[in-house]
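Dear colleague,

I am passing the structure on to you below, and after it I set out what came up when I went through it. Please read the notes with the coordinates open beside them.

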Amino acid sequence: MAYNLLKGKKGIIFGALNDKSIAWKVALKAHEEGAQFVLTNTPVALRMGELNELGKACNAPIIPADATSFEDIERLFKDSMEALGGKVDFILHSIGMSPNVRKGLSYDDINYSYFQKTLDISAVSLHKILQVARKMDAINTWGSVVALSYVAAQRTLYGYNDMADAKALLESIARSFGYIYGRDKKVRVNTISQSPTLTTAGSGIRGFDNIVDFSDRTSPLGNANADECADYCITLFSDLTRKVTMQNLFHDGGFSSMGMSYRAMSQYNKSFDCDKDDEIPKEW
Ligand SMILES: NC(=O)c1ccc[n+]([C@@H]2O[C@H](COP(=O)([O-])OP(=O)(O)OC[C@H]3O[C@@H](n4cnc5c(N)ncnc54)[C@H](O)[C@@H]3O)[C@@H](O)[C@H]2O)c1
């Protein structure tokens, strides 16, 4: 059911790759709620061709941009404001990638040039987007910027690797820039810390199915899926949350406040059939 929450609002949505992507779901809901927006992703992602389908469904222009490139972001804002006929009201940063995760390197044996790339793509890109937007005065007063994070920014979840550090930086950038942009232009900046979700980026994490299962058993409300995450993003883009800024907002069915649940404990108890002192494999 649509509520017209974004009627008359314009935006830029980063990170829709395929119909599993959280950004894909956000785009569909933003369209339903009356927004006009530009879709953007890297030239490589655009070559896969799936984004055209979403562009058609949402009547949204597609503009390529590598979010690590200052020049690409400048061009993106210029072209988006032309295409949309003015400044934007909301931005979704739904971008993440770790070459260390992709190559299967363990956290205690990462490659530092890959680590830089992880940070640049998954966190510093938010700073660049905000810096360019502010310099070009590209976001309307009371605009809203949302980036997607994960609880591993604050608590260790094995297997999440250097993405945990990237998410910690991302959340910090949202606070630091949120102060400046809020003070000067009343633009709010928040991160949503989402449950593990079966997407292309998510599935790259080692042991991801187990993380999904553990989170689901631990969370009183169960894991939040991508559609539910999209609903939450829409509320943050809407005028109903105008005084929410500089927050990391957990959207995880209660996982982040739990220690152990009955469901997770029951499953854990079954493991006593195995040897508790099994050696931890090196790659973990
Ligand atoms: N899937 C999960 O379990 C989960 C949980 C919490 C948070 N998140 C976060 O949600 C966001 C979206 O991920 P997703 O799960 O929808 O996966 P996804 O793979 O569909 O999206 C990741 C996107 O990042 C884009 N990207 C990579 N490098 C880029 C660059 N240099 N410039 C611009 N875009 C680039 C990819 O093309 C892709 O569209 C990410 O920040 C991810 O870390 C995901």
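I begin with the ligand, since that may be where you look too: the largest share of the shell around the ligand comes from α8, which supplies 3 residues. Please keep in mind throughout that this is a predicted model. Helix α8 (200–203) is one of the elements that each give at least two residues to that shell, the others being α1 (22–32) and β4 (139–149). There are 27 residues around the ligand, and those that come nearest are Ser 21, Gly 96, Thr 199, Ala 201 and Gly 202. Sorted by class, the shell holds 13 nonpolar and 13 polar residues, together with 1 charged residue.

Turning to the protein as a whole, its secondary structure amounts to 11 helices and 6 strands. Its radius of gyration is 19 Å, close to the 19 Å that the globule rule gives for 284 residues, so the protein is as compact as a globular protein of that length. The C-alpha trace spans about 65 × 40 × 40 Å along the principal axes. Of the 284 residues, 43% count as buried, and among contacts between residues at least 6 apart in sequence, 75% join residues that are at least 24 apart.

The interior comes next. The largest nonpolar core has 72 residues, of which Ile 13, Ala 16, Ala 23, Val 26, Ala 27, Leu 39 and Cys 233 touch the most other members. Helix α7 (residues 163–185) gives the most to this core, contributing 8 residues. If residues up to four places away in sequence are not counted, Ala 27 touches Ile 13, Ala 16 and Leu 39, and also Leu 54, Cys 58 and Ala 60.

I also looked at one further position, Leu 76, which lies in helix α4 (residues 70–84). Is Leu 76 buried or exposed? Leu 76 has 24 other C-beta atoms within 10 Å, and because 20 or more are needed for a residue to count as buried, Leu 76 is buried. Leaving aside neighbours within four places in sequence, its contacts are Thr 40, Ile 63 and Ala 65. As for Asn 59, which is 17 residues away from Leu 76 along the chain, the C-alpha atoms of these two residues are separated by 18 Å.

With best wishes

Key: Residues are numbered from 1 along each chain as its sequence is written. This is a predicted model: local features need pLDDT of at least 70, side-chain atom pairs count only at pLDDT 80 or more; totals for chains, interfaces and linings use all residues. Helices (H or I, at least four residues) and strands (E, at least two) are DSSP runs, numbered from the N terminus. The radius of gyration is taken over C-alpha atoms; the globule rule is 2.2 Å times the number of residues to the power 0.38. A residue is buried if 20 or more other C-beta atoms lie within 10 Å of its own, exposed if 12 or fewer, and partly exposed in between; C-beta atoms are placed from the backbone. Two residues are in contact if their C-beta atoms, placed from the backbone, lie within 7 Å. A nonpolar core is a set of buried Ala, Val, Leu, Ile, Met, Phe, Trp, Tyr and Cys residues joined through C-beta atoms within 7 Å. A residue is near a molecule or strand if its C-beta atom, placed from the backbone, lies within 6 Å of it. Ala, Val, Leu, Ile, Met, Phe, Trp, Tyr, Cys and Pro count as nonpolar, Asp, Glu, Lys and Arg as charged, and the others, Gly among them, as polar.
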